[in-house]
Amino acid sequence: MSETRSEPHPRVVIVGGGFGGLSAAKALAKQTFDVTLIDRNNHHLFQPLLYQVATAGLSPADIASPIRGIIGSQRNTTVMLAEVSGVDTARKEVITDGRRVAYDYLVLATGARHAYFGHDDWATFAPGLKTIDDATYLRRRILLAFERAENETDEEERRRLMTFVVIGGGPTGVEMAGAIAELAKRALAADFRSIDPRGARIILVEAAPRVLTSFTETLSDTARRSLEQLGVQVRLGAAVTDCSCEGVRLGGDFIPARTIIWAAGVMASSAGRWLGAETDRAGRVKVRADLSVPGHPEVFVIGDTAAATAPDGSMLPGIAPVAKQQGRYIARALIARSEGRTAEVFCYRDYGLLATIGRSRAVVQIGGLHISGFFAWVLWSVAHVYFLIGFRNRFIVALNWAWSYITFQRGSRLITGLYARQLDDMRQPERIEPRSKAG
Ligand SMILES: Cc1cc2nc3c(=O)[nH]c(=O)nc-3n(C[C@H](O)[C@H](O)[C@H](O)COP(=O)(O)OP(=O)(O)OC[C@H]3O[C@@H](n4cnc5c(N)ncnc54)[C@H](O)[C@@H]3O)c2cc1C
């Protein structure tokens, strides 16, 4: 495109440098738009591998990249580190901490956060996994549980410390439970003297009758059996009725546990409230077929924050490929508009579903191809390394996985931030700071 211009280029403001926002910004490089990408974090995060940071398999920098490093060389793009708190649609301005940013087109890609189904007080006892801070916090709690069990003389308390409950049998819960089991039964097995980490109880709780409900019944059954082979107890059809520092209640049943991990539900970011737009029960903005907001053709909502439907009326899932394709679509739609053309409607191309269980098994569902076991895991690994951003991260992650595959080791077993928080936070969780909320 030509660099000479007689009038200013249209201003595109993108809020969120996650999968959706970043792919929109990248697709607008070299186009005749002035792009501003705003994010409250300075990095893009590859959330699908967060559970590996939480279970000491990878380090935070392996799965996150500075946004400026990714798109800093795009001459038409400005990156802004700021928290957006509202949108003034009448004046076409985004409201951030200290200033207003004017737009001609606005793309909201602010993701989602944990949802506790009306029990926000559970967040203290059952932290979720959404950000780097969440992952390092969980890593600290998991590793600290073993350290405290090693020094504990009371048998009941030791058992409580060595019980880990993961709530939610979707991909995150399944991956988390499998990874904790391997951490306990392999990587930590020989590290302690008073306890045997292999005796740790890992319990996965799911309210539905099966795990991985978006997969076929056969694959979800395979995933359950793989988890059980790793030593995970899978409790299906069990709804959580209470969480406390003492454990988890499932109706009349109580599981004493000091470490509880929430992987059960998400709520969209506040974008719907900022716009005063109609949202669904999960807070997602109901968008039109071109992903614009009804009544505001210049405002688009994409990714986990959007309630977008497929042509058959089914709701598109909150997964990375949807957000990325929507981001790229927005760029095409804006280019079409600037050329006086009407953009085609957004159409999601489904490339399938993948989930891993432990270090060498996975389930893969791509169209009619349904596979599980080692080859599925190889496919899962290749896909995840491929989609990571940056050669360094791809190389380090592949090397890490090869190393831990051969040695069973987990190199990132660091307990950090210990003295910044209370050493005894497991006994007095009311002293734990509330977890950060994304979205
Ligand atoms: C633990 C975990 C595992 C997952 N595993 C998979 C998987 O295996 N496969 C898969 O396809 N999907 C997976 N997902 C889902 C996938 O990560 C999301 O669907 C995807 O990230 C959505 O992209 P997005 O752009 O909508 O939001 P995000 O990628 O979440 O990005 C949102 C961005 O907006 C920024 N932001 C939010 N609020 C504000 C604000 N007020 N001001 C400024 N910036 C703001 C955030 O900092 C963030 O950078 C997983 C998610 C999680 C949490």
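A salt bridge is a side-chain nitrogen of Lys or Arg within 4 Å of a carboxyl oxygen of Asp or Glu. This is a predicted model, in which local features need pLDDT of at least 70 and side-chain atom pairs count only at pLDDT 80 or more, while totals for chains, interfaces and linings use all residues. Residues are numbered from 1 along each chain as its sequence is written, and side-chain values use heavy atoms, without hydrogens and water.

**Exercise 1.** Place the salt bridge of arginine 160 and glutamate 156 in the structure.

Solution.
- Start with the distance: N to O is 3.8 Å.
- Find the element. Both residues lie in helix H6 (residues 155-161); helices are DSSP runs of H or I, at least four residues, and strands are runs of E, at least two, numbered from the N terminus.
- Check the spacing: four residues, about one turn of the helix.
- Classify exposure. Buried means under 20% relative accessible area, exposed over 50%, partly exposed in between (1.4 Å probe, protein chains only). Arginine 160 is buried at 11%. Glutamate 156 is exposed at 56%.
- Extend the pair: Glu156, Glu157, Arg160, Glu246 and Arg258 form a salt-bridge network.

**Exercise 2.** Which parts of the chain does the pair of aspartate 104 and arginine 11 link?

Solution.
- The closest N and O atoms of this salt bridge are 3.1 Å apart.
- Aspartate 104 sits in the loop between strand S8 (100-102) and strand S9 (105-108). Arginine 11 belongs to strand S1 (residues 11-15). The pair links distant parts of the chain, 93 residues apart.
- Aspartate 104 is partly exposed at 26%. Arginine 11 is partly exposed at 36%.
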